[in-house]
Every structure is written in structure tokens, then in C-alpha cells.
Amino acid sequence: FLCNIMLRKSQVELIHAFMASAQAGTSVCQQMLMGEGKTTVIAPLLVLLLADTNRLVCSCMPSALLDMSRAVLAERFSSP
């Protein structure tokens with residue numbers, strides 16, 4: 001559980017693939033269906049895992065998702 005979220009097997013596999021690609025310095029693109037957790041699970045978790053003192057992570061999304069994405073990131077990363 002992370003932030004009251006239980007990750008699905010496919011989400012864990014996707015996170016591992018993105019992390020391996022980042023560590024190898026290669027690019028990767030993945031297509032996911034609506035409702036599979038791109039905005040609420042995958043993107044925030046990748047930002048958390050990839051950002052460090054040497055790497056700035058920029059999360060890009062369509063303008064229609066900007067407010068929702070901002071709220072999700074603030075909710076995930078804000079202390080209670």
C-alpha cells in the first residue's frame with residue numbers, strides 16, 4: 001500500500017520497466033487504457049521514484065488533466 005493505494009501487478013511491472021529504462025538512460029513509451037491509473041497511480045509514483053538531487057522530473061499531460069494532475073500530486077506528496 002502507498003497512500004492508501006494497492007498496486008496491480010500490471011502497474012508494478014510498468015513501474016519496473018520505466019525504472020529500468022531510466023537507469024539505462026533510454027526512453028520508453030507505454031500506452032494504457034483509460035482507468036488503468038496513469039494519472040493517479042503511475043505518474044505520481046514515477047515522480048517520487050525518479051526525482052533525486054541530480055534529476056528533475058517533469059510530468060507532462062494534456063491541459064484538460066492539468067488541474068486534476070496537480071491535485072493528485074499535491075495530495076500524494078503533501079504531509080498530513
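Which backbone oxygen does the side chain of Gln-11 reach? Keep that in mind as you look at the structure above, which is a predicted model. The oxygen belongs to Glu-36, and the side chain of Gln-11 comes to 3.0 Å from it. Gln-11 itself is found in helix H1, which runs through residues 9–24. With a relative accessibility of 3%, Gln-11 counts as buried, because buried here means under 20%. Leaving aside residues up to four places away in sequence, Gln-11 touches Met-6, Glu-36, Gly-37, Val-41 and Ile-42.

Let us now follow the helix that holds Gln-11. H1 has 16 residues, and the distance from its first C-alpha to its last is 23 Å, close to the 22 Å expected at 1.5 Å a residue. Its buried residues are Gln-11, Leu-14, Ile-15, Phe-18, Met-19 and Ser-21. Seen down the axis of H1, these buried residues fall within an arc of 160 degrees, so they line one face of the helix. If the spacing of such residues puzzles you, here is a useful rule: an α-helix has 3.6 residues a turn, so residues three or four places apart point the same way. Now turn H1 around in your viewer. The face turned away from the buried side carries the exposed residues Lys-9, His-16, Gln-23 and Ala-24. What covers the buried residues of H1 includes helix H2.

Towards the end of H1 you meet Ser-21, another residue of this helix. Ser-21 counts as buried at 8% relative accessibility. Not counting residues up to four places away in sequence, Ser-21 touches Thr-26, Ser-27 and Val-28. Just after H1 comes Gly-25, which takes a positive phi of about 75 degrees.

The next stop is H2. This helix has 13 residues, yet its end C-alpha atoms are only 16 Å apart. A straight helix would reach 18 Å at 1.5 Å a residue, and H2 falls short of that. Which residues of H2 are buried? They are Thr-39, Val-41, Ile-42, Pro-44, Leu-45, Leu-46, Val-47 and Leu-50. The cover over these buried residues includes H1 and H3.

Val-41 is a good residue of H2 to pick out. At 11% relative accessibility, Val-41 is counted as buried. Its contacts, not counting residues up to four places away in sequence, are Ile-5, Leu-7 and Gln-11. There you meet Gln-11 of H1 again, and Val-41 was likewise among the residues that Gln-11 touches. Val-41 can also be compared with Asp-52: the two are 11 residues apart in sequence, and their C-alpha atoms are 19 Å apart in space.

Then comes H3, made of residues 66–77. Its 12 residues should span 16 Å at 1.5 Å a residue, and its end C-alpha atoms are 16 Å apart, which agrees. In H3, the residues Ser-69, Val-72 and Arg-76 are buried. They cover an arc of only 65 degrees around the axis, which puts them on the same side of H3. On the face turned away from that buried side are the exposed residues Asp-67 and Glu-75. Helix H2 is included in what covers the buried residues of H3.

Now look for empty space in the model. Rolling a probe the size of a water molecule over the atoms shows where empty space is left. How much space lies in the largest pocket? It holds about 690 Å³. The pocket is lined by 29 residues, and those nearest its centre are Phe-18, Ile-42, Ala-43, Leu-46 and Ser-59. H1, H2 and H3 each supply at least two residues of this lining. The largest share, eight residues, comes from H2.

Finally, move past H3 to Ser-79, which sits in the segment after that helix. Is Ser-79 buried or exposed? Ser-79 is exposed, because its relative accessible area is 66% and exposed means over 50%. The C-alpha atom of Ser-79 is separated by 25 Å from that of Arg-8, a residue 71 places away along the chain. Compare this with Gln-11, where the tour began: Gln-11 is buried at 3% relative accessibility, whereas Ser-79 is exposed.

Note on methods
Residues numbered from 1 in each chain as written. Predicted model: local features only at pLDDT ≥ 70, side-chain atom pairs only at ≥ 80, totals over all residues. Heavy atoms only, no water. Helix = DSSP H or I, 4+ residues; strand = E, 2+ residues; numbered from the N terminus. Buried < 20%, exposed > 50% of the residue type's maximum accessible area, 1.4 Å probe, protein only. Polar contact = N/O pair within 3.5 Å; in protein donor to acceptor, adjacent residues only side chain to side chain. Contact = heavy atoms within 4.5 Å. Expected span 1.5 Å × (residues − 1). Arc of directions from axis to C-beta. 1 Å grid on protein atoms, 1.4 Å probe; cavity = no way out; pocket = protein on both sides within 12 Å on 5 of 7 lines; lining within 4 Å. Points joined across faces, edges and corners; volume = space filled by probe spheres on them.
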